[in-house]
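Reader: I should be grateful for a close look at one part of this protein, namely its nonpolar surface patch. Which residues make the patch?

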Amino acid sequence: MDKNKMAIAVAAVSMYIKTQEEQDAMLMRPLRPEPQVNKPWAIAGRQAMMQLSDLMQMKAFHTKLK
């Protein structure tokens, strides 16, 4: 009977250690990659999309059909 209790205790401790290691690994891993600031083409593209959106909202491109 003592061997069964010992085996159960060892299994419980090893499972606890495993879950703690997995939790620590999740905390050390960044949730999303670091943004790279030095991408001028991406910044220019985003800026152009925002300007087009502003023009569409101001109805600069809307024309009346006759």
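Author: Val13, Tyr16 and Ile17 make a nonpolar surface patch of about 310 Å². Such a patch joins nonpolar side chains (Val, Leu, Ile, Met, Phe, Trp, Tyr) within 5 Å, from residues with over 30% relative accessible area and no salt bridge, that is, no side-chain nitrogen of Lys or Arg within 4 Å of a carboxyl oxygen of Asp or Glu. Areas come from the Shrake-Rupley method with a 1.4 Å probe. This is a predicted model, in which local features need pLDDT of at least 70 and side-chain atom pairs count only at pLDDT 80 or more, while totals use all residues. Residues are numbered from 1 along each chain, and side-chain values use heavy atoms, without hydrogens and water.

Isoleucine 17 lies in helix α1, residues 2-28; a helix is a DSSP run (H or I) of at least four residues. Because its relative accessibility is 43%, isoleucine 17 counts as partly exposed, between buried (under 20%) and exposed (over 50%). Of the protein's 66 residues, 0% count as buried. The protein exposes about 7,200 Å², with 64% supplied by carbon and sulfur atoms.

Conventions. Buried means under 20% relative accessible area, exposed over 50%, partly exposed in between (1.4 Å probe, protein chains only). Patches are made of residues with over 30% relative accessible area and no salt bridge: like charges are joined within 9 Å, nonpolar side chains (Val, Leu, Ile, Met, Phe, Trp, Tyr) within 5 Å. Helices (H or I, at least four residues) and strands (E, at least two) are DSSP runs, numbered from the N terminus.
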